[in-house]
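Student: Please take one strand and walk me closely through what sits around it. Then follow the picture outward from there.

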Amino acid sequence: MQSSTMDTGNTLKSPKGVYKINKIVGKGGYGEVYLTDYTAKNTSNSEQVALKKIDLHEMEKKKCKKEECKKEVKVMKEISKSSTNQHIVKYLDSFIRKAYTGGLFSCIAGMKSPNHENLYIAMDYCSHGDLSNKIKANVGSGTQFDPEIIYDYIYQIADGINELHVKYKIAHRDLKPANILIAWENGKEVLKISDFGLVKVIESLSRIQSHSKWCGTEFYMSPEQRDSIKCRFTVVDIWAIGIIFYELCIAPKRLDNDEMDDIREKVKNDQRDTTWLNKMIAKDPNKRMSAERVHNEARSKSYFYRLQNGVSKSRAIYTVAA
Ligand SMILES: Nc1ncnc2c1ncn2[C@@H]1O[C@H](COP(=O)(O)OP(=O)(O)OP(=O)(O)O)[C@@H](O)[C@H]1O
Ligand SMILES: [Mg+2]
């Protein structure tokens, strides 16, 4: 049974404060994300916070998996607390609540099912949506991304990923445009990696197996991740950054199955040359660049295009990249 979405004005209490639902901002494969007005205990001021609801009620062997979830969420919160990297979403709070069993009667009566629970994760609200919506908008309007912007985005993404790889020794493993949120800070778009560490939480849910969930994600999944081949933990994220880079380069053309089949085929047969893109999606995972190198090189390239601005603005960089 599905737990219902939350309405505007509904409130949720956690040990730390109260979340008042403002509106739903997105739906994922396993729950929804809401914009809330959050008031911390013993304060009167509220602030905007995003609250992600993860439906736990389909978990198998619930007890042990719930513990696994809690452990992973703890890791996410610890990273958030100690990291000063501005390209990582900050997680603020998490709690588990019983879900209503559904139906008008149970809502009125306040009946809760002992087996139905939701995990709530509070995090920074990113007011400019996510990178997948930005790409969709350019595809829809037939607009190319400016090379300076593409490299700046990649620089920001690689900066956040490098922090996860080097400082925390974890891989994201589900890096995709929908997990790259966009905040507006000091008059500038700031990209923030979200859902890091969450893949493990999600893997403990039986719904991960559902195909609808993986369809969108599969584009960004490296060959060795697909085939469950063990390798250095960082390389799967570099593959994903490469595909995101490619997707930004080809916009307004859409990344679709044919395009992906073509990329995979060329990688498999080692037919690609040694340009920048290919150093992220090399067939041999050990030949892929590190996140630090992607970050440094993307920064220089963005700087180069900034200097060239006006001259090269109309030039598609895919010709350089592919
Ligand atoms: N902190 C946030 N601030 C603003 N919007 C957010 C935030 N977190 C998520 N969203 C929005 O909600 C959408 C759904 O997020 P969610 O992580 O649940 O799903 P997803 O990333 O699309 O897919 P998946 O289920 O694989 O994670 C995002 O794509 C984004 O647009
Ligand atoms: Mg997500």
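Tutor: First, some vocabulary: strands are DSSP runs of E with at least two residues, helices are runs of H or I with at least four, and both are numbered from the N terminus. This is a predicted model, in which local features need pLDDT of at least 70 and side-chain atom pairs count only at pLDDT 80 or more, while totals for chains, interfaces and linings use all residues. Residues are numbered from 1 along each chain as its sequence is written, and chains are lettered from A and ligands numbered from 1 in the order in which they are written.

Let's start with Tyr-19, which lies in strand β2. Tyr-19 has 25 C-beta neighbours inside 10 Å, so it counts as buried (20 or more other C-beta atoms within 10 Å is buried, 12 or fewer is exposed, anything in between is partly exposed, with C-beta atoms placed from the backbone). Setting aside residues up to four places away in sequence, Tyr-19 touches Thr-11, Leu-12, Thr-36, Tyr-38, Val-49, Leu-51 and Ala-122 (contact means C-beta atoms, placed from the backbone, within 7 Å). Gly-9 sits ten residues from Tyr-19 along the chain, and their C-alpha atoms are 9.5 Å apart.

Strand β2 also matters for the picture around ligand 1: with four residues, β2 gives the most to the ligand's shell. That shell holds 23 residues, and the closest are Gly-26, Gly-28, Gly-29, Ala-50 and Ala-178 (a residue is near a molecule if its C-beta atom, placed from the backbone, lies within 6 Å of it). The elements that supply two or more of them are β2 (17-28), β3 (31-40), β4 (46-55) and β6 (112-124). By class you get ten nonpolar, eight polar and five charged residues (nonpolar is Ala, Val, Leu, Ile, Met, Phe, Trp, Tyr, Cys and Pro; charged is Asp, Glu, Lys and Arg; the others, Gly among them, are polar). Domain 1 (11-123) and domain 2 (131-320) both contribute to the shell, so ligand 1 lies between them; those bounds come from an automatic or database domain assignment.

Moving outward, there's the largest nonpolar core, where Ile-154, Ile-157 and Ile-241 touch the most other members out of 67 residues (a core is a set of buried Ala, Val, Leu, Ile, Met, Phe, Trp, Tyr and Cys residues joined through C-beta atoms within 7 Å). Helix α8 (residues 235-250) gives the most to this core, with twelve residues. Both domains contribute here too, so the core lies between them. Beyond its neighbours within four places in sequence, Ile-154 contacts Ile-241, Phe-245, Val-294 and Ala-298. As for α8 itself, 15 of its 16 residues are buried, so the rest of the structure largely encloses this helix.

Ile-157 also turns up among the contacts of Ile-193, along with others including His-87, Val-89 and His-172. Ile-193 is found in strand β8 (residues 188-193), and it counts as buried because 22 other C-beta atoms lie within 10 Å. Val-89 is 104 residues from Ile-193 along the chain, yet their C-alpha atoms are separated by 5.7 Å.

Conventions:
Contact = placed C-beta atoms within 7 Å.
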